[in-house]
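The following text walks through the model, from charged side chains to backbone, sheet and empty space. Please keep the sequence and the 3D view open while reading.

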Amino acid sequence: MKKKCALYASKLVKDGMIVGLGGGSTISYLIDYVKDKDIKVVSPSSKTVLLAQKAGLTVLNTQYVNHIDIAFDGCDEVDSHLNALKSGGGIHTQEKIIASMADEYVVLVDESKFHDTLAFQVPVVVEVLPKAFSIVKKKLEDLNGNVELRTATNKDGFLMSDEGNILLDVYFNDVQDIGMLNQTLLMMPGIVDTSLFVDILTGIILVNDKGVFKKEKNCEFCAL
């Protein structure tokens, strides 16, 4: 299914484009499908950068790019309003930078990740400046968030972002207003960004056992 999703996404990529590529296995399949096209690539994922270079694609430093024609990424959850949670990779700040430059920002998912409204089965990952850790943690708990320092089994201590900031996994229950939660988090001093994507996606490509479907904002799914 992931290969089928990537194949249809590749049809949106045209020669001459600058293309944003996120992380994950679906993106790795997409690289295979676009490697012979005359495109340039930017990515927030070091693994994707290596895969793209190995495939012979030109990879640009995001620092020197201010416009992307189309960007593709995966996510952990996405809903019918094109809100998304991208919690797994911990690189959401860089992903949002790429999304802000893209004319189109499309997530590639299977139907298990689609919800009518975000289910918050995965945490909202919050990137926090180290000096703001204590106050941000308190404010998140005041919002009834269950806050955990992100850790890894093969690393001692907690994980930090590529920029040297703390990553907090925050579990919320019974979120009534996703937009308000997003605004509240982004306005907290010390929070760099979060893995909650609101008003950022322009489309979804979804695959299930019946086929591949695309949805754009304020539109229904259509078969591809």
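## Reading the model

Glu141 is partly exposed, with a relative accessibility of 37%; buried means under 20% relative accessible area, exposed over 50%, and partly exposed in between, computed with a 1.4 Å probe on protein chains only. This is a predicted model, in which local features need pLDDT of at least 70 and side-chain atom pairs count only at pLDDT 80 or more, while totals for chains, interfaces and linings use all residues. Residues are numbered from 1 along each chain as its sequence is written, and side-chain values use heavy atoms, with hydrogens and water left out.

The partner of Glu141 is Lys137: the two form a salt bridge with 2.6 Å between the closest N and O atoms. A salt bridge here is a side-chain nitrogen of Lys or Arg within 4 Å of a carboxyl oxygen of Asp or Glu. Why are Lys137 and Glu141 about one helical turn apart? Both belong to helix α5 (residues 133-142), and they are separated by about one turn because they lie 4 residues apart in that helix. Helices (H or I, at least four residues) and strands (E, at least two) are DSSP runs numbered from the N terminus. Lys137, at 27% relative accessibility, is also partly exposed.

Helix α5 holds another such pair, as Asp142 and Lys138 meet in a salt bridge with an N to O distance of 3.3 Å. These residues too are 4 apart in α5, so about one helical turn separates them. Asp142 is exposed at 51%, whereas Lys138 is partly exposed at 47%.

Elsewhere in the chain, Glu216 and Lys214 form a salt bridge whose closest N and O atoms are 3.5 Å apart. Lys214 is buried, with a relative accessible area of 11%, and Glu216 is partly exposed at 37%. Asp73, Lys86 and Glu95 are joined into one network by salt bridges that share partners. In total, the model has 9 salt bridges.

Next comes the backbone. Leu82 has a positive phi of about 65° although it is not a glycine. Leu82 sits in the loop between β5 (77-79) and β6 (84-85), and is buried, with 1% relative accessible area. Asp199, likewise not a glycine, has a positive phi near 60°. Its place is the loop between β15 (196-197) and β16 (203-208). Is Asp199 buried or exposed? Asp199 is exposed, at 60%.

Turning to the strands, an open sheet of 8 strands runs in the order β3-β2-β1-β4-β7-β16-β17-β18, with mixed pairing. The edges are β3 (58-59) and β18 (222-223); each has a single partner strand, so one side of each lacks a neighbour in the sheet. Two strands count as paired if DSSP finds at least two bridges between them. Within this sheet, β1 (residues 18-21) and β4 (residues 68-73) run parallel and are joined by 3 bridges, with Gly20 standing opposite Ala71 in β4.

Helix α4 (residues 92-101) lies across β1, β2 (40-42), β4 and β7 (102-110), and runs at about 125° to β7. For this angle, axes are lines fitted to C-alpha atoms, for helices over the stretch in contact (heavy atoms within 4.5 Å), and angles run from 0 to 180 degrees between N-to-C directions.

An antiparallel pair is formed by β11 (residues 151-152) and β12 (residues 155-158), over 2 bridges. A hairpin of 2 residues joins β11 to β12, and Thr151 stands opposite Phe158 in β12.

The last topic is empty space. On a 1 Å grid over the protein atoms alone, a cavity is a set of points where a 1.4 Å probe fits but cannot get out, and a pocket is an open set with protein on both sides within 12 Å along at least five of seven lines; lining residues have an atom within 4 Å of a point. Grid points are joined across faces, edges and corners, and a volume is the space filled by probe spheres set on the points.

The largest pocket holds about 570 Å³. It is lined by 31 residues, of which Gly23, Gly24, Ser25, Asp73 and Gly89 are the closest to its centre. The elements giving two or more residues to this lining are α1 (2-10), α2 (25-34), α3 (46-54) and β7.

There are 2 cavities of 30 Å³ or more, and the largest has about 40 Å³ of space. Residues lining the largest cavity include Gly20, Ala71, Asp73 and Glu95. Which element gives the most to the lining of the largest cavity? Strand β4 does, with 3 residues, while β1, β4 and α4 each supply at least two.
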